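Load the model in your viewer and set it to cartoon view. The tour below goes from one selection to the next.

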Amino acid sequence: MKIDLTGHTTVITGGSSGIGLAAAKLFLEAGANVAICGRDKKRLDDAVDLLPAGSKIATVCDVLDKDSVTSFAAQVASEFGGTDTLINNAGQARVSKYEDTSEEDWREELDLKFFSILNPTKAFQPYLEESSNAAIVCTSSLIARQPEPHLVATSAARAGQLSLIHSMARELAPKNIRVNSILIGVVESAQWRRRYDALPDNKPNYDDWLKEQALAKGIPLGRFGKPEEAAQALFFLGTPLSSYTTGSTIDLSGGLSRHVG
Ligand code: NDP
């Protein structure tokens, strides 16, 4: 099946790397206009070089800076005429246990997980309300439902975030804006590369280390997910392919999820 998204505009926060960048490729290949943002200009420039031809914007914007997000939304509206899909993807995890997470760490993590969704959603909502195919998709994590002690603050924040996403789905449904999320287990991306780079020198090569990590985590499919696999789920939830789905999640954990339902 081929879907034609000519005239459709997709905004992807954190689109300069990993899952967001893979999603930007898919939407461009389907003919959509694509706007990505991130904090680092060089990373955004490099990302643009990796993207296929098409109508695209790459803007420096920290999703935690409300004014910057509002300007980004205005820029997208002025260049593309509106927004149809918003993918709230920007962010990263915080590795820490209960004993070593400071009050400041807690506040930062809660701020990131909530306002990385609230700021872009508020800024883009007026444009989404004008769309006949409006969708918001959030990149979230399996730990929202299955907390990990070494990610204590991120797990708690993701659980609250999932609750927020479900509430938004109910509230925005009468405005014909669908709101869904994907729950990632582990997907190979810059986050994991950074964790590998921080290890001491006597380490295995990167691919072997990834395999060891997958084994240690007991991922039933025996490997990390690829950014492209997560991007396909974002694409499904962000387009009319999922026109009757809201308040839902797609699991991308290679079988790590142990709960029923
Ligand atoms: P990457 O580090 O590859 O990509 C993260 C992207 O977010 C980058 O473009 C980064 O650019 C951007 N970003 C981070 N903070 C901000 C900010 N405050 N404002 C704007 N942009 C920001 O990681 P992934 O692709 O893996 O991560 C995508 C999402 O998936 C994240 O929310 C992550 O927490 C989530 N996730 C990933 C998992 C995994 O295993 N990979 C597991 C569970 C969830 P820059 O740094 O230049 O701002």
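A crossing of two helices is called right-handed if the near helix is turned clockwise from the far one by less than a right angle, and left-handed if anticlockwise. The model is a predicted one.

**Stop 1: H4 and H5**

Select residues 103–128, helix H4, and residues 152–172, helix H5. H4 passes H5 in a right-handed crossing. The two helices pack at an angle of about 25°, with their axes 8 Å apart. Angles under 35 degrees count as roughly parallel, and so H4 is roughly parallel to H5.

Now show side chains. On the H4 side the contact includes Trp106, Leu110, Phe114, Ile117 and Leu118. Among the H5 residues that they meet as a group are Val152, Ala156, Leu164, Ile165 and Met168. Colour the contact residues of H4 with H5 by class: 13 are nonpolar, 6 polar and 3 charged.

**Stop 2: the sheet**

Hide the side chains and select the strands. They form an open sheet of 7 strands with parallel pairing, in the order E3-E2-E1-E4-E5-E6-E7. Which strands are at the edges? They are strand E3 (56–60) and strand E7 (249–252), each of which pairs on one side only. From one strand to the next, the twist averages 15°.

Zoom in on strand E5, residues 134–141, and strand E6, residues 177–184. These two pair in the parallel sense over 8 bridges. To find the register, pick Ala135, which stands opposite Arg178 in E6.

**Stop 3: helices on the sheet**

Bring H5 back into view. H5 lies across E5, E6 and E7, and runs at about 160° to E6. Then add helix H8, residues 227–238, which also packs on the sheet. H8 touches strand E4 (85–88) as well as E5, E6 and E7, and its direction makes about 165° with that of E6.

**Stop 4: H1 against H8**

Keep H8 and add helix H1, residues 18–29. The axes of H1 and H8 are 8 Å apart, and the packing angle is about 55°. H1 and H8 are therefore oblique to each other. H1 passes H8 in a right-handed crossing.

From H1, the contact is made by Gly18, Ile19, Ala22, Ala23, Leu26 and Phe27. H8 contributes Pro227, Glu228, Ala230, Ala231, Gln232, Leu234, Phe235 and Gly238. By class, the residues of the contact of H1 with H8 are 10 nonpolar, 3 polar and 1 charged.

**Stop 5: H6 and H7**

Move to H6 and H7, which pack at an angle of about 105° with their axes 11 Å apart. Angles of 65 to 115 degrees count as roughly perpendicular, and H6 and H7 are therefore roughly perpendicular to each other. Select Trp192, Arg193, Arg195 and Tyr196 in H6, which meet Tyr206, Trp209, Gln213 and Lys217 in H7. The residues of the contact of H6 with H7 divide into 4 nonpolar, 1 polar and 3 charged.

**Stop 6: an aromatic pair**

How many aromatic pairs does the count come to? There are 7 aromatic pairs. One to display is the pair of Trp192 and Phe224, which is edge-to-face, 5.0 Å centre to centre with 70° between the planes. Trp192 is in helix H6 (residues 190–197), and Phe224 is in the loop between helix H7 (206–217) and H8. The two residues are 32 residues apart, and the pair links distant parts of the chain.

Technical notes. Residues are numbered from 1 along each chain as its sequence is written. This is a predicted model: local features need pLDDT of at least 70, side-chain atom pairs count only at pLDDT 80 or more; totals for chains, interfaces and linings use all residues. Side-chain values use heavy atoms; hydrogens and water are left out. Axes are lines fitted to C-alpha atoms, for helices over the stretch in contact, and angles run from 0 to 180 degrees between N-to-C directions. Helices (H or I, at least four residues) and strands (E, at least two) are DSSP runs, numbered from the N terminus. Angles under 35 degrees count as roughly parallel, over 145 as roughly antiparallel, 65 to 115 as roughly perpendicular and the rest as oblique. Contact means heavy atoms within 4.5 Å. Ala, Val, Leu, Ile, Met, Phe, Trp, Tyr, Cys and Pro count as nonpolar, Asp, Glu, Lys and Arg as charged, and the others, Gly among them, as polar. Two strands pair if DSSP finds at least two bridges between them. Rings of Phe, Tyr and Trp (its six-membered ring) pair if their centres lie within 6.5 Å; planes under 30 degrees apart count as stacked, over 60 as edge-to-face and the rest as tilted.
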